Every structure is written in C-alpha cells, then in structure tokens.
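Work through the exercises below with the model open beside you. Try each task before you read its solution.

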Amino acid sequence: MTEQTTKRFANKKILITGASQGIGEDAALHFAREGAQVAINGRKAEKLRPLLDRLPKPVSGEHLIVAGDMAVEADVDRVMEETLKGFQGLDVLICNAGMQIECPSEDIALKDFNAVMAVNVTAVVLCARAALKYWRQNDHKGNIIVNSSVHQQVPKPHYLGYSASKGAVGNIVRTLALEYARFGIRVNAVAPGAIVTPINDAWTKDPEKYKATADHIPMRRPGECREISDAMAFLASKESSYITGQTLFVDGGLTLYADFEQNWSS
Ligand code: NAD
C-alpha cells in the first residue's frame with residue numbers, strides 16, 4: 001500500500017467552523033495530516049491564510065478558506081454554499097465555532113445572551129440544515145460533529161448563555177441523529193473539559209490559576225487540543241460507524257462529581 005492510501009481520511013471533504021485558533025485549528029491540521037481536504041472557516045480570510053499554508057497537502061483536491069461570520073445567517077449560508085461548490089461535496093461537517101460572555105445572570109444583556117446563542121446554537125442549526133439538504137439530495141451518508149462542552153451537563157454560573165447554548169447542542173445532536181439515522185447520516189458531539197486554548201487565556205497564562213484549575217480535574221491537568229481532535233477524528237471515522245446521537249465527554253474526569261473522590265458522605 002502507498003502512504004497515501006493508508007491515510008484514514010484520504011479523499012474525504014471536511015468543513016471546520018471556527019478554525020482560526022484553538023481546537024478548530026488543531027482539528028484542521030489533524031484531518032489534513034490524515035489526508036483530508038479541509039475547508040477552514042473563521043471571520044477573516046487573512047487570519048486563516050497562515051493556517052492554510054501549514055496544512056499538509058490533501059491526498060486529492062485542495063484545501064479551502066471559507067471566511068464568514070457564524071453569527072450572521074447570510075454568511076453561514078454563503079460559507080456552506082462555497083464549501084459545497086468548492087469541494088463538489090462534503091463528507092464531514094464540524095461545527096466548532098463557539099464563544100462565551102461572562103456576567104452575573106441578574107445583569108445579563110439580551111444582546112450578549114443572543115450573541116452567544118447565535119454562534120453556539122443557531123450556526124449549528126444553519127450549517128446542519130445546508131449539509132443535510134445537500135446529503136439528502138445527493139443520497140450521501142454525511143457525518144456531523146458538534147463541539148459542545150462539559151457545560152452541556154454541568155452548570156456554569158456567570159455564563160448563562162454558554163450553559164444554555166451547550167445544553168441546547170446536546171438535544172440538537174440527539175434530534176438530528178434520530179431524524180437522519182435511517183439515511184446513514186450520523187450526528188454526534190464531543191464535549192471538552194478544560195482545554196488549553198486562547199478561550200482560556202485568563203487561567204492558562206497565570207501559573208496560580210492554572211494550578212487551581214488543574215487541581216479541580218480528576219486527572220489533575222487540563223486537556224490538549226490534540227485530545228479533542230483525536231475524539232473528533234474517531235467520530236468522523238469508520239471506527240465509530242454504529243455511533244450516532246451521542247456526546248463523547250473528553251474531560252479528564254471533570255463530569256465525574258470530583259467531590260466524591262474522597263469519601264466524605266458516608
Ligand atoms: P477559541 O476561542 O480558541 O476558538 C474559537 C474559535 O471560534 C475561534 O477560531 C474563533 O475565531 C471562532 N469563532 C468565534 N465566533 C465566531 C464567529 N462568529 N464566526 C466564525 N468563527 C467564530 O476557543 P476553543 O477553546 O478552541 O473553542 C472551540 C470550541 O470548543 C467552542 O465551541 C467551545 O465552546 C468548545 N469548548 C472549548 C473548551 C476549552 O476549554 N477550550 C471547553 C469546552 C468546549
């Protein structure tokens with residue numbers, strides 16, 4: 001076998017939203033290393049160009065930049081159109097773009113709540129809508145992976161929009177999975193715990209806060225982007241061919257009620 005034919009995602013076409021940094025950037029590099037053609041999205045094309053230059057060449061075709069704001073319906077529709085046209089198809093949609101805004105809940109501004117919901121929830125629905133329409137029209141067994149969060153399950157005080165949005169994502173995944181399972185279309189989520197990315201600069205760049213965060217995690221360390229990309233690759237691969245409607249928590253044990261590590265209750 002040639003090196004090219006052993007690549008797991010050779011000839012696969014994958015769109016990743018929010019790929020300019022953090023987990024999305026790492027996922028783009030991961031899938032490209034495994035042979036895929038990747039379409040990388042972010043708000044500004046110029047921020048994506050350095051990443052495009054670093055992506056290993058795909059086994060076939062070219063990678064794409066599909067710039068657009070995931071909070072704007074017309075942009076999302078255009079990004080999906082450019083991807084489907086540019087690639088002449090799509091195999092895996094990865095809805096990764098996400099944001100959060102901190103505020104005590106009694107002071108929350110509707111515009112901030114809506115801004116978080118627009119990127120974390122509405123964009124997922126709009127991207128999925130376009131991909132599903134295309135896959136049904138072309139009888140294609142596509143695959144959707146949404147980047148959720150442990151806060152799909154665990155409350156996050158002072159981040160009401162984020163908690164609400166990730167809770168919604170869990171049920172969007174389950175609903176779409178059930179609706180499209182009979183067509184061979186799979187829909188799953190990964191739910192990262194605390195991962196070292198720019199969204200977490202506030203504690204990753206401060207040694208004391210870093211240690212305080214690590215101490216809360218049963219595995220005593222935050223996760224790396226690679227550990228989320230690995231989970232995404234599993235859900236995008238044939239190895240997970242009978243898995244749909246699931247959220248795969250990748251969190252070093254963060255959702256395991258860490259307070260029960262020591263026996264204090266009995
Ligand atoms: P990040 O801030 O480093 O990256 C977020 C990406 O989304 C960036 O590329 C950003 O440009 C993009 N984005 C944000 N708003 C956008 C918009 N309107 N249009 C297009 N792109 C937009 O954060 P990250 O940690 O890499 O987060 C990626 C995903 O992982 C998010 O959905 C986040 O909720 C989720 N997540 C992260 C963690 C963590 O600890 N880092 C934990 C749980 C879940």
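The exercises cover the sheet, one strand, one helix and the empty spaces.

This is a predicted model, where local features need pLDDT of at least 70, side-chain atom pairs count only at pLDDT 80 or more, and totals for chains, interfaces and linings use all residues. Residues are numbered from 1 along each chain as its sequence is written, and side-chain values use heavy atoms, with hydrogens and water left out.

**Exercise 1. The sheet**

Find the order of the strands in the open sheet and name the edge strands.

Solution. Start with the terms. Strands (E, at least two residues) and helices (H or I, at least four) are DSSP runs, numbered from the N terminus. Two strands pair if DSSP finds at least two bridges between them. Now read across. The seven strands run in the order β3-β2-β1-β4-β5-β6-β7, with parallel pairing. At the edges lie β3 (64–65) and β7 (247–250), each pairing on one side only. Then look inside the sheet. β4 (residues 92–95) pairs with β5 over four bridges, in the parallel sense. V92 has N143 of β5 as its bridge partner. L93 stands opposite I144.

**Exercise 2. Strand β5**

Sort the residues of β5 by the way they point, and decide whether they are buried or exposed.

Solution. Recall the rule first. In a regular strand, side chains alternate between the two faces of the sheet. Now apply the cut-offs: buried is under 20% relative accessible area, exposed is over 50%, and partly exposed is in between (1.4 Å probe, protein chains only). N143, I145 and N147 point one way from β5. I144 and V146 point the other way. Five of the five residues of β5 are buried.

**Exercise 3. Helix α6**

Check the span of α6 against its number of residues. Then find what its buried residues pack against.

Solution. The expected span is 1.5 Å times one less than the number of residues. α6 has 21 residues, so it should span 30 Å. Its end C-alpha atoms are 30 Å apart, which agrees. Next, list buried residues of α6: among them are G161, Y162, V169, I172, V173 and L176. The buried residues of α6 pack against α5 (110–137), β5 (143–147) and β6 (186–192).

**Exercise 4. Pockets and cavities**

Describe the largest pocket, then the largest cavity.

Solution. Begin with the method. On a 1 Å grid over the protein atoms alone, a cavity is a set of points where a 1.4 Å probe fits but cannot get out; a pocket is an open set with protein on both sides within 12 Å along at least five of seven lines; lining residues have an atom within 4 Å of a point. Grid points are joined across faces, edges and corners, and a volume is the space filled by probe spheres set on the points.

The largest pocket holds about 1,500 Å³. It has 49 lining residues, and Q100, Y162, T197, I199 and N200 are the closest to its centre. α8 gives the largest share of this lining, four residues.

Turn to the cavities. There are two of 30 Å³ or more. The largest holds about 60 Å³. Its lining includes Q100, F113 and Y162. α5 and α6 each supply at least two residues of that lining. The second largest cavity holds about 40 Å³. There α5 gives the largest share of the lining, four residues.

Note on methods: Contact means heavy atoms within 4.5 Å.
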